[in-house]
Amino acid sequence: MSVDKLFATILARKGSDPGTSYTAKLLAGGIEKCAKKFGEEATEAVIAAVQKDRGELAKESADVLYHLLVLWAASGITPQDVYAVLQAREGQSGLEEKASRKT
């Protein structure tokens with residue numbers, strides 16, 4: 001499944017009944033709920049990586065991606081917004097890009 005397809009599914013569930021849709025439930029909780037859940041999943045992915053558990057890391061990575069996209073939907077950000085930032089950074093070293101943020 002692509003990021004765009006998953007994001008479209010998330011948007012389609014945005015107005016669903018929170019009692020029957022986990023995505024709708026998260027979105028109904030607002031940005032704070034979505035951000036908290038994303039943070040929890042990211043922490044679980046870090047733990048799996050440190051434990052060198054590839055299978056668990058793959059599962060937690062899927063959760064991280066899903067919850068990040070839910071957070072984007074709650075925040076009004078689209079994959080295209082993120083793609084544009086990545087495109088602008090293409091060809092620039094990561095060190096240069098990071099240094100440019102300080103000015």
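1. Which helices do the buried residues of H1 pack against? In this predicted model, the buried residues of H1 pack against helix H2 (22–28), helix H4 (54–75) and helix H5 (79–89).

2. The residues concerned can be named: within helix H1, which runs over residues 3–13, Leu6, Phe7 and Ile10 are buried. They lie on the same side of H1, because the arc that they cover around the axis is only 100°. This agrees with the general geometry of an α-helix, in which there are 3.6 residues a turn, so residues three or four places apart point the same way.

3. The other face of H1 should be read together with this, since Lys5 and Ala12 are exposed residues carried on the face turned away from the buried side of the helix.

4. As for the chain as a whole, it has six helices and zero strands, and from the N terminus on its elements run α-α-α-α-α-α. The C-alpha trace spans about 45 × 35 × 25 Å along its principal axes, and among contacts between residues at least 6 apart in sequence, 56% join residues at least 24 apart.

5. On burial and surface, buried residues make up 22% of the 103 residues in the chain, while the accessible surface comes to about 7,000 Å², with 58% of that surface belonging to carbon and sulfur atoms.

6. With regard to charge, the chain has 14 positive and 14 negative charges, and the mean positions of these two sets are 2 Å apart.

Methods
Residues are numbered from 1 along each chain as its sequence is written. This is a predicted model: local features need pLDDT of at least 70, side-chain atom pairs count only at pLDDT 80 or more; totals for chains, interfaces and linings use all residues. Side-chain values use heavy atoms; hydrogens and water are left out. Buried means under 20% relative accessible area, exposed over 50%, partly exposed in between (1.4 Å probe, protein chains only). Helices (H or I, at least four residues) and strands (E, at least two) are DSSP runs, numbered from the N terminus. The arc is that of the directions from the helix axis to the C-beta atoms. Contact means heavy atoms within 4.5 Å. Accessible areas come from the Shrake-Rupley method with a 1.4 Å probe; for residues, only the protein chains shown count as cover. Lys and Arg count as positive and Asp and Glu as negative; His and the chain ends are not counted. The place of a charge is taken as NZ of Lys, CZ of Arg, CG of Asp or CD of Glu.
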